[in-house]
Amino acid sequence: MARTEIDLLIKGGQVVTALSGSAPVRGGDMQKLEIIEEGWVACAAGQITAVGPAEEVREQVELTNETMVIGAAGKVITPGLIDPHTHLVFGGSREDEFYLRARGADYMEIMEAGGGILSSVRATRAASLEELVSAGTDRLRWMLEQGVTTVECKSGYGLDLDTELKQLEAVRILKDAQPVELVSTYLGAHAWPPEYAEDRDGYVDFVINTVLPKIREEGLAEFVDVFTEKGVFSVEQSRRIFNKAKELGFALRVHADEMHTLGGAELAAELGMASADHLLMVSEEGIQALAESGVIPILLPGTAFSLRKPYAPARKMLDAGLPLALATDFNPGSCPITSLALVMSLACLYMAMTPEEVLNAVTINAAYSLGRSERIGSLEAGKQADIVIFQVDDYRKIPYYIGTNLVETVIKTGKVVVSR
Ligand code: IZC
Ligand code: ZN
């Protein structure tokens, strides 16, 4: 057999990956991982060419003078982590509300009093494009240094046309300006803008007739999301927005059943969405509807932690055979957490997920929810070389050492982009 010339070889670590393929892993199968002790990962031109035990990979590859060799003995090698739900780009910050919430103030009450999301809307409207890009660059660096190589980013802090476009334009600039792969989502239906306080259906009309077509025309987002929540967007208002988005060719994600049991999960199943996110308050019927659909439930335990709310019923969903993903929900209000590893620890401790389940959740299932699992989300020949090396010898230590960044090396499309 002809050997492939490679430009990167990672050798001798514990290789840990979802089983091969691009399908999501569901229910009981989320316990399964492929684990290769003292494994090798070979890459060429940004792609993985071989993964396996040393003796197998050695026979398939040819090293040249240019081949970079990284010794990973005593280390864990995983796919690049994927964060499929963030509100990355915003102006200002909300540490003042953090103090209020620490003393017992409720997140939704702060919002209803004109703070919360609307406070970030004011700061984002006031920020220049350059300021949004600069802040986004810093935040993406924090995430990359913690092993995250793909991040979904929502708008939703403009609510008017110009600021929503400015946020999505910032994401477009960031895509080319730094290594993390970004996925854009339009979340105009995130809160009621002050301009439409007395005419809520007028705002829904504005989103449908003005903003969605413009964003489609400019190619500024792949997904459309809605904050479907009591006091925010009703299921009926959400359905109107989603139907139009679908007609225009967007794929869909939804903030579902976060604070109240409203039926967001059922709506996600009805419309064949890519994901239904949060689900702290999902009903039995909602779980059943998701089980009969292809929707990926994305759980965000950092938000439950930060808001001191009950956690989503992960074990019930796994028992129902669902393919769970996990994300940070990084945002300036309910969850200022950039660490996906911390979220993995919280998922283990407070949702009784296992280290195997959380690894599948932040790799292959997260990739699938973003429509990218053919290319990323596992370590296997033919996939993109997005790889993390952790400075521990067993993958179970990743969620176990809570709050410590164990990342040593991050490789994005075959290039070393973090080395600590
Ligand atoms: O800025 O508070 N829940 N949207 C829905 C958020 C939290 C983000 C925020
Ligand atoms: Zn969110």
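**Notebook: ligand 1 and the parallel sheet**

Started at the ligand: a polar side-chain atom of R94 sits 2.9 Å from an oxygen atom of ligand 1. Note to self that this is a predicted model.

Next I looked up Y157. An N or O atom in the Y157 side chain comes to 2.6 Å from an oxygen atom of ligand 1. Then H190, where a side-chain N or O atom lies 2.7 Å from a nitrogen atom of the ligand. How much of ligand 1's accessible area does the protein cover? I get 100% of the 270 Å² that the ligand has on its own.

I also pulled the list of residues around ligand 1. R94, Y157 and H190 are on it, along with H87, Y107, I117, F227, E258, N331, G333 and S334.

Moved on to the sheet. In what order do the eight strands come? I read β6-β7-β8-β9-β10-β11-β12-β13, as an open sheet with parallel pairing. The edges are β6, at 81-83, and β13, at 325-326, each with pairing on one side only.

I zoomed in on one pair, β10 and β11. Strand β10 covers residues 251-256 and strand β11 covers 275-278; they run parallel, and four bridges join them. Within this pair I found H255 of the protein standing opposite D277 in β11.

Last lookup: what lies across β10 and β11? That is helix α9, residues 264-271. I noted its direction too: α9 runs at about 170 degrees to β10.

Note on methods: Residues numbered from 1 in each chain as written. Chains lettered and ligands numbered in written order. Predicted model: local features only at pLDDT ≥ 70, side-chain atom pairs only at ≥ 80, totals over all residues. Heavy atoms only, no water. Pairing = 2+ DSSP bridges. Helix = DSSP H or I, 4+ residues; strand = E, 2+ residues; numbered from the N terminus. Contact = heavy atoms within 4.5 Å. Axes fitted to C-alpha atoms, helices over the stretch in contact; angles between N-to-C directions. Near = heavy atom within 4 Å. Polar contact = N/O pair within 3.5 Å; in protein donor to acceptor, adjacent residues only side chain to side chain. Areas by Shrake-Rupley, 256 points an atom, 1.4 Å probe, with all protein chains shown as cover.
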